[in-house]
Amino acid sequence: MKVKCYIQGMAAISPQQTFEGDITTAPFVQSDSNRLVCIEPDYKPYIPANSLRRMTRVLRMGLATALKCLSGSGVSTPGPIVTGTGKGSLQDTEKFIKEIEQYKETALNPTPFIQSTYNSVNGLIALQQNGTDYNNTFVHRGFSFENALVDSLMLLQEGATHTLTGSFEEMTPEHFYIKSRIGQWREQPVGNTHLFDASLPGTISGEGSAFFVLAAAPTPESKAAVTGIKLLYKPSLERLSAVLQELGADADLIISGANGDSNYSHYYELANQVLAAPTIPFKHLCGEYDTAGSFALWLAASLLHAGNIPADWFPMVKELPADFKKVVIYNHFFGEQHTVMVVERVSS
Amino acid sequence: MEELKQKLKEQIIEALNLQDTKPADIDDNAALFGDGLGLDSIDSLELMVLLERQYGIKVEDPREGRKILQSVQSMAEFIQSKQPA
């Protein structure tokens, strides 16, 4: 399979000021909480008021990110829409389940039920943009976004000129509490400023939405190119080491999913040993969530396009590389789904 | 009847999250769907749920529902007709 596509447009909503897309001037948004929450834009310029009133948070985030991405790419019709989400609309799911109990399985509101399905965002994008092409949502925990990306690559190989590929994820207070019971989060508040001060069990939670218009052929407007991807389920350290060497041996920059969680830090320590290039983390910017890899891809492409790394965003890194052309993203989701993505600068 | 219509308007606004609409903006006889308040088919299902939850009335026949949900006036008349004398 040919593994190459070009990022023609991209947009992200995250706990950082990413929606306007200028990574070089946006400050690092600090938080004292172990639950990083997205900075949401004004949705009214993107979504009609009559539709907006019915949508919960993640639907607004996903739809607005997709529309912003399309508008910045010069593509008017989205073509195939391929997304990934680990949890979909948690807010709608929680509301629907609570009402089943509260109203004894009768008189249930249709809206939370409809919107709790994982492919709601895709449907909304297609409805608003009159898209009638291929439309698919992958729900595979820590592989969700990366499977959407692999599917997009295959669609491009089969002849699609471009795809709209993305992810969306939200964290609710209730779900945060549930996951805290199984030790996913730090017991003491560390926020994103002290995440890497010590390696202890647990990390900080996050959420976000990122979309990309991917094309089979480059144009002068191409932001970056995705040139490699590998998905590994619970790999042995030997297998992981071999894949990292295969894809990242000549990388100039590593974007690491390290999240300060001592339960799974040995994988990232291995990556540091195997890969010689300078490493920057990204989970202090977006937190941990199923589709955090999409934020990492947005970050990699943004850095490659800008040509420099804003030092303000990476206070824990003493020396940032001045020049980089090939970026390797290594991430895993609580030790189970491991992903490696290669992103390269497009030569003009 | 007036009290019921006022309450119904407040409940419709809350159930459908009509953020920029006030009860006074809804005319008793204006159409809820189409040109009037601009509601759609999902809203009609939400209004059916409202009738069931708030007033204990279950509308079984969809054709009957179309007449009931024409306006606040028709909804109020229907509710009143179902309430014990």
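Here's a quick briefing on one helix, one buried residue and one chain-to-chain contact. Keep in mind that the model is predicted: local features need pLDDT of at least 70 and side-chain atom pairs count only at pLDDT 80 or more, while totals for chains, interfaces and linings use all residues. Residues are numbered from 1 along each chain as its sequence is written, and chains are lettered from A in the order in which they are written.

**Helix 1 of chain B**
- Helix 1 (a DSSP run of H or I, at least four residues, numbered from the N terminus) covers residues 2–16 of chain B.
- B:Lys5, B:Leu8, B:Lys9, B:Ile12 and B:Leu16 are buried there, meaning 20 or more other C-beta atoms, placed from the backbone, lie within 10 Å of their own.
- Those residues sit on the same side of the helix because they cover an arc of only 105° around the axis, taken from the directions from the helix axis to the C-beta atoms.
- On the other side you'll find B:Glu3 and B:Glu14, which are exposed (12 or fewer such neighbours).
- Just after the helix, B:Asn17 takes a positive phi of about 50°.

**A:Phe333**
- A:Phe333 is part of strand 9 of chain A, residues 326–333 (strands are DSSP runs of E, at least two residues).
- A:Phe333 counts as buried because it has 22 C-beta neighbours inside 10 Å.
- Its C-alpha is 5.2 Å from that of A:Gly142, though the two are 191 residues apart along the chain.

**Where the chains meet**
- Eight residues from chain A and eleven residues from chain B make up the contact (C-beta atoms, placed from the backbone, within 7 Å).

Key:
Expected span 1.5 Å × (residues − 1). Contact = placed C-beta atoms within 7 Å.
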